[in-house]
Amino acid sequence: MSLIFPSSSVVPSSCLNQLKVYSLKSKGSASLNPCFPLVQYKVPWSITQDKYPVSKSKPHRILTSTARDCIRTNNQSTEEKDVSFDGGDQGQEEIEREFHDNRDASVVTYSEWLTQHPSALHTFEQMMKIAKGKQIVVFLDYDGTLSPIVNDPEKAFMTDEMRSAVHEVAECFPTAIVTGRSRDKAIEFVKLKDLCYAGSHGMHISIPPGFLKKYAELEDQTHIADEQGFINFYVAKKFLCKLKKIKEKLQEKTRGIKGAMVEDNKFCISVHFRCVDEENVENVKKIVDSVIKSYPSFRAGGGKKVMEVRPNIEWNKGHALDYLLKTVFGTRNDDVLPLYVGDDATDEDAFKFIKEVGRGFPIVVSSTPKMTDASFSLRDTIEVMNFLTKLTGWRRISSSD
Ligand SMILES: O=P(O)(O)OC[C@H]1O[C@H](O[C@H]2O[C@H](CO)[C@@H](O)[C@H](O)[C@H]2O)[C@H](O)[C@@H](O)[C@@H]1O
């Protein structure tokens with residue numbers, strides 16, 4: 001039996017922990033037949049049914065996919081069986097470690113991947129050649145980009161060095177933080193007022209009034225700043241009431257699961273399972289699925305050891321970039337180059353947007369090969385900081401030319 005993975009199902013390997021196979025008809029070994037070559041990273045995988053191995057191959061191709069919704073067998077049936085990749089609840093780090101331990105001639109190594117997604121530090125000069133005489137607009141994701149991933153989301157602090165690098169960037173370029181966190185939480189962590197914030201995956205956009213004078217050509221200048229000093233744009237206010245109910249249900253149902261944590265991001269809710277025992281991770285996911293079943297106007301998506309519930313509207317980080325460029329940073333000008341740095345699945349929407357615009361610099365933060373729409377890469381938050389510092393240095397030199 002072969003499993004067909006439609007190309008639309010391909011997402012970064014960070015989603016592996018959600019991998020589930022639908023409609024496995026028999027227990028025989030499944031020969032995987034990926035129809036999208038880019039998903040083929042050779043790493044160990046196995047399929048299990050009711051915890052018993054159905055097929056195991058080490059090393060073999062691992063298929064990166066949001067398989068929950070879209071992996072189908074040939075007959076396109078969607079009936080779900082209790083079958084999952086053994087990567088299912090395996091830690092991302094673990095998978096990545098195995099990935100590195102299983103290199104052979106056909107393994108996509110980090111250095112091979114780098115040829116497709118060159119380091120933004122190493123290609124800096126070429127990038128800046130393109131940018132010369134143009135206006136770079138900087139968009140920065142928060143978790144995993146400005147602050148390292150840690151177990152406790154409340155403690156994902158950025159360093160003072162990073163803060164000062166971001167501050168300097170914001171002095172040189174129009175800058176926005178684009179994050180899944182609530183706008184307020186993002187401000188609390190970043191502690192900078194001279195930039196825009198797009199919180200809740202872009203559903204709450206805050207602009208310092210100074211920006212409107214500096215960059216925008218908004219017809220409507222009558223907006224009033226909030227208590228934090230920002231002018232706000234909301235796209236999902238009408239969902240707040242239901243989100244509150246969903247949050248309460250999620251809190252109540254996950255209360256008994258050690259390590260599970262529900263985070264209120266105002267226009268979306270994160271259910272964290274980074275600290276949940278492996279055998280309970282599936283329960284957390286099932287709880288999220290069962291709660292949103294009663295709320296068809298909401299959907300759940302995945303990130304790094306997190307399930308995120310959000311309104312089922314067509315709005316993502318890419319739309320936030322579009323909005324900011326149109327209303328604040330003046331995208332009507334072809335000389336505006338969006339530069340986006342991010343590490344997670346939701347950042348892919350921003351990368352896609354930049355690709356569609358056809359100009360700019362989508363930069364993924366990753367220390368391992370992964371599927372991405374980004375054109376450039378940085379290894380980790382340290383490299384992000386070095387890149388930002390380089391960027392401001394370049395700007396200062398080039399404007400004194
Ligand atoms: O868009 P982002 O700024 O990248 O936010 C995405 C989610 O990031 C946070 O969760 C992630 O970071 C945590 C702290 O390092 C980590 O514990 C968690 O496992 C990660 O998924 C944040 O807590 C979520 O609410 C954001 O949606």
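In this predicted model, strand β14, which spans residues 298-303, pairs with β15 in the antiparallel sense. Six bridges join the two strands. One of the bridge pairs links Arg299 to Arg310 in β15. Two residues lie between the strands of this hairpin, and Lys305 in the hairpin has a positive phi near 55°.

Strand β15 (306-311) also takes part in the surroundings of the ligand: together with β13 (269-272), β15 is an element that gives two or more residues to the shell. The ligand itself sits in the largest cavity. Around the ligand there are 22 residues, of which Val150, Glu263, Arg274, Lys304 and Glu308 come nearest. By class, the shell residues divide into eight charged, seven polar and seven nonpolar.

Polar contacts to oxygen atoms of the ligand come from both backbone and side chains, as the following cases show. For Val150, a backbone N or O atom lies 2.5 Å from an oxygen atom of the ligand. For Glu263, a polar side-chain atom is placed 2.6 Å from a ligand oxygen atom. Asn265 likewise has a polar side-chain atom 2.8 Å from an oxygen atom of the ligand. Taken alone, the ligand exposes 570 Å², and 99% of that area is buried by the protein.

Terms used
Residues are numbered from 1 along each chain as its sequence is written. This is a predicted model: local features need pLDDT of at least 70, side-chain atom pairs count only at pLDDT 80 or more; totals for chains, interfaces and linings use all residues. Side-chain values use heavy atoms; hydrogens and water are left out. A residue is near a molecule or strand if one of its heavy atoms lies within 4 Å of it. A polar contact is a pair of N or O atoms within 3.5 Å; within protein, one must be able to donate a hydrogen and the other to accept it, and residues adjacent in sequence count only if both atoms are side-chain atoms. Accessible areas come from the Shrake-Rupley method with a 1.4 Å probe; for residues, only the protein chains shown count as cover. On a 1 Å grid over the protein atoms alone, a cavity is a set of points where a 1.4 Å probe fits but cannot get out, and a pocket is an open set with protein on both sides within 12 Å along at least five of seven lines; lining residues have an atom within 4 Å of a point. A molecule sits in a cavity or pocket if more than half of its atoms lie within 2 Å of its grid points. Helices (H or I, at least four residues) and strands (E, at least two) are DSSP runs, numbered from the N terminus. Ala, Val, Leu, Ile, Met, Phe, Trp, Tyr, Cys and Pro count as nonpolar, Asp, Glu, Lys and Arg as charged, and the others, Gly among them, as polar. Two strands pair if DSSP finds at least two bridges between them.
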